[in-house]
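User: I should like to go through this model and ask, for each term applied to it, on what grounds the term is used.

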Amino acid sequence: MAKKLNRIRKFIDRIKHAGKYKQRYVFFLSAPSAAGKDGLWKFIKKMKYDKKYNLYRPISTTCRLPRLKETCGVDYFYTYKDKIVDENNNPLPNVVSPLKFGIEDEKEVWYCYTKNELIEPLKQGKNLLFIVNGSLVNFYKEYFSKNFPGIKTITTCWTIDEEAQKIKFYRRDPSKTKEELDQIFESRIEERKMYEDLIKQNTFDYVDDASVSLKKWKHKQYKKL
């Protein structure tokens with residue numbers, strides 16, 4: 001928990017520092033699956049930092065099924081693939097840079113943001129806390145710069161080691177079998193490599209550790225491995 005709170009505090013400190021200036025910001029957070037990105041927003045809401053610092057978190061859209069305890073309109077908007085891309089996998093008019101992200105339940109998983117989720121909050125004068133795949137960070141920085149000249153961006157990456165990531169995978173969706181979870185975890189190998197490469201390329205302003213303390217972990221499903 002100490003490590004988790006530490007990286008969250010670092011992120012909040014950057015928001016507080018930026019809040020001293022009369023400028024709109026987009027705070028990017030990018031990290032491999034299961035690094036705790038959604039936990040940051042829950043912490044911010046709990047502490048009411050979203051109101052204090054005028055933050056809005058755009059909600060992404062996906063065609064995968066909801067996981068345990070996920071809620072439509074809170075965690076994601078859930079839809080079908082043909083509402084994100086056409087038959088040639090080209091984005092539909094109101095979709096920004098859709099991304100194919102592996103296979104779950106024998107179906108392609110796609111993620112995207114709608115233009116309304118990105119542009120409307122900025123028009124209302126809000127700052128964005130933007131959780132996005134690392135491969136799209138530079139794309140979105142240019143997208144916001146083009147549509148909102150003068151907006152400032154701060155990019156953060158959370159890293160997580162392979163063993164810690166595997167433990168968190170098995171915790172977050174205990175309804176799936178070991179074989180299903182193994183398949184999903186294996187599909188994330190390319191994602192881990194991508195983040196290693198992006199960090200080497202100095203893509204992010206900040207890189208923080210998101211690994212958990214394995215000694216304190218007692219999740220019963222992980223014990224079955």
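User: What makes the lining of the largest cavity count as charged or nonpolar?

Analyst: This is a predicted model. The lining of the largest cavity divides into 3 nonpolar, no polar and 5 charged residues. The residues concerned are Arg67, Glu104, Phe169, Arg172, Asp173, Lys176, Leu181 and Ile184. Asp, Glu, Lys and Arg count as charged, so Arg67, Glu104, Arg172, Asp173 and Lys176 fall in that class. Phe, Leu and Ile count as nonpolar, which places Phe169, Leu181 and Ile184 there.

User: Why is this space called a cavity, and which helices supply its lining?

Analyst: A cavity is a set of points where a 1.4 Å probe fits but cannot get out. The search of the whole structure finds 1 cavity of 30 Å³ or more, and the largest cavity holds about 40 Å³ of space. Helix H6 (162–172) and helix H7 (178–186) each supply at least two residues of the lining.

User: What makes the second largest pocket a pocket, and which residues lie nearest its centre?

Analyst: A pocket is an open set of points, with protein on both sides within 12 Å along at least five of seven lines. The second largest pocket contains about 220 Å³ of space. Its lining has 13 residues, and Cys63, Arg64, Leu65, Thr79 and Lys107 lie nearest the centre. E6 gives the most to this lining, with 3 residues. By class, the lining consists of 6 nonpolar, 1 polar and 6 charged residues.

User: How do you know that E3 and E6 pair?

Analyst: Two strands pair if at least two bridges are found between them. Strand E3 (residues 61–62) and strand E6 (residues 107–114) are joined by 2 bridges, so the criterion is met. The two strands run antiparallel, and threonine 62 stands opposite tyrosine 111 in E6.

User: How do you know that E5 pairs with E6, and what joins them?

Analyst: E5 and E6 are joined by 6 bridges and run antiparallel; at least two are required, so they pair. Lysine 100 stands opposite tryptophan 110 in E6. The two strands form a hairpin with 2 residues between them, and aspartate 105 in the turn has a positive phi of about 55°.

User: What makes E4 and E5 edge strands?

Analyst: The open sheet of 4 strands has the order E4-E3-E6-E5, with mixed pairing. Strand E4 (77–78) and strand E5 (95–104) each pair on one side only. Helix H5 (residues 137–147) lies across E5 and E6, at about 160° to E5.

User: Why are E2 and E9 described as edges of the other sheet?

Analyst: That open sheet has 5 strands in the order E2-E7-E1-E8-E9, and the pairing is parallel. Strand E2 (55–56) and strand E9 (206–209) each have a single partner strand, so one side of each is left without a neighbour in the sheet.

User: How do you know that E8 and E9 pair, and which helix packs on this sheet?

Analyst: Strand E8 (residues 152–159) is joined to E9 by 4 bridges, and the two run parallel; at least two bridges are needed, so they pair. Cysteine 157 stands opposite valine 207 in E9. H5 packs on the sheet, touching strand E1 (25–30), E7 and E8, and its direction makes about 170° with that of E1.

User: Which residues have a pLDDT under 50?

Analyst: The pLDDT stays under 50 over residues 221–225. For the chain, the average is 86, and 92% of the residues score at least 70. Where pLDDT is low, the predicted coordinates should not be read in detail.

Definitions and conventions
Residues are numbered from 1 along each chain as its sequence is written. This is a predicted model: local features need pLDDT of at least 70, side-chain atom pairs count only at pLDDT 80 or more; totals for chains, interfaces and linings use all residues. Side-chain values use heavy atoms; hydrogens and water are left out. pLDDT is the predictor's confidence in each residue, from 0 to 100. Contact means heavy atoms within 4.5 Å. Axes are lines fitted to C-alpha atoms, for helices over the stretch in contact, and angles run from 0 to 180 degrees between N-to-C directions. On a 1 Å grid over the protein atoms alone, a cavity is a set of points where a 1.4 Å probe fits but cannot get out, and a pocket is an open set with protein on both sides within 12 Å along at least five of seven lines; lining residues have an atom within 4 Å of a point. Grid points are joined across faces, edges and corners, and a volume is the space filled by probe spheres set on the points.
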